Amino acid sequence: QVQLVESGGGLVQAGGSLRLSCVASGSIFRGNAMGWYRQAPGKQRELVATITSGGRTNYADSVKGRFTISRDNAKNTVYLQMNSLKPEDTAIYYCNSPTPYGTPRLPSWGQGTQVTVSS
């Protein structure tokens, strides 16, 4: 059974930084792209950053230049370094393995980690 466990969220002032972590158990991590999604209140879940098994990264325009995704294959862990945070980054952040179309490969989600950015 694959499990995704996110952590590292919190309350931060605008302009601050947070580092999120996601540990993935099972076979989903090895050899697959991983990504961070977020869901703000009243909005659909969106993909904000992806990283391939080889380390190639891609970002949504809204976070480009501020967020950095990375992975530690030995630890089955993917990270999201978030700098220059804005109130509009407030959301619950989740990790999953995205398909080439950006849709999540896994049907189930972890509990997510709440990020709240105050103005």
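Asn76 is buried, with a relative accessible area of 18%, where buried stands for under 20% relative accessible area, exposed for over 50% and partly exposed for what lies in between, computed with a 1.4 Å probe and protein chains only. The model is a predicted one, in which local features need a pLDDT of at least 70 and side-chain atom pairs count only at pLDDT 80 or more, while totals for chains, interfaces and linings use all residues. Residues are numbered from 1 along each chain as its sequence is written, and side-chain values use heavy atoms, with hydrogens and water left out.

Asn76 has its place in the loop between strand 7 and strand 8, strands being DSSP runs of E with at least two residues, and helices runs of H or I with at least four, both numbered from the N terminus. The phi of Asn76 is near 50 degrees, a positive value in a residue other than glycine. Most residues other than glycine have a negative phi. The turn that holds Asn76 belongs to a hairpin, which strand 7 and strand 8 form with 4 residues between them. These two strands pair in the antiparallel sense over 6 bridges, pairing being assigned if DSSP finds at least two bridges between two strands. Within this pairing, Thr68 has Gln81 of strand 8 as its bridge partner.

On which strand does strand 8 (residues 77–82) pair in the antiparallel sense over 6 bridges, apart from strand 7? The partner is strand 3 (residues 18–24), and here Val23 is matched with Thr77 of strand 8. Strand 8 is mostly covered, with 5 of its 6 residues buried.

Both pairings of strand 8 belong to an open sheet of 4 strands in the order 1-3-8-7, with antiparallel pairing. Strand 1 (4–7) and strand 7 (67–72) stand at the edges of this sheet, and because each has a single partner strand, one side of each is left without a neighbour in the sheet. Neighbouring strands of the sheet are turned by 15 degrees against each other on average, direction ignored; the axes behind this value are lines fitted to C-alpha atoms, for helices over the stretch in contact, and angles run from 0 to 180 degrees between N-to-C directions. Strands of a sheet pair through backbone hydrogen bonds, either parallel or antiparallel.

Beyond strand 8 the chain enters the loop that leads to strand 9 (91–96), and Asp89 lies in this loop. Asp89 is buried, with a relative accessible area of 1%. A polar atom of the Asp89 side chain lies 2.8 Å from the backbone nitrogen of Lys86; a polar contact is a pair of N or O atoms within 3.5 Å, of which, within protein, one must be able to donate a hydrogen and the other to accept it, and residues adjacent in sequence count only if both atoms are side-chain atoms. If its neighbours within four places in sequence are left aside, Asp89 is in contact (heavy atoms within 4.5 Å) with Arg38, Arg66, Phe67, Ser84, Val115 and Val117. Ser84, too, is found in the loop between strand 8 and strand 9, and its phi is near 50 degrees, a positive value in a residue other than glycine. Ser84 is partly exposed, with a relative accessible area of 43%, whereas Asp89 is buried.

Strand 9 leads on to another set of pairings, since strand 4 and strand 9 run antiparallel and are joined by 5 bridges. Strand 4 (residues 34–39) also pairs with strand 5 (residues 46–51) in the antiparallel sense, over 5 bridges. Gly35 takes part in both pairings, standing opposite Thr50 in strand 5 and having Asn96 as its bridge partner in strand 9. Strand 4 is mostly covered, with 5 of its 6 residues buried. Strand 4 and strand 5 form a hairpin with 6 residues between the strands, in which Gly42 takes a positive phi near 75 degrees.Taken as a whole, the protein has 0 helices and 10 strands. Its radius of gyration is 13 Å, close to the 14 Å that the globule rule gives for 119 residues, so the protein is as compact as a globular protein of that length; the radius is taken over C-alpha atoms, and the rule is 2.2 Å times the number of residues to the power 0.38. Along the principal axes, the C-alpha atoms fill a box of roughly 40 × 25 × 25 Å. Of the 119 residues, 45% count as buried, and residues 24 or more positions apart account for 55% of the contacts with a separation of 6 or more.
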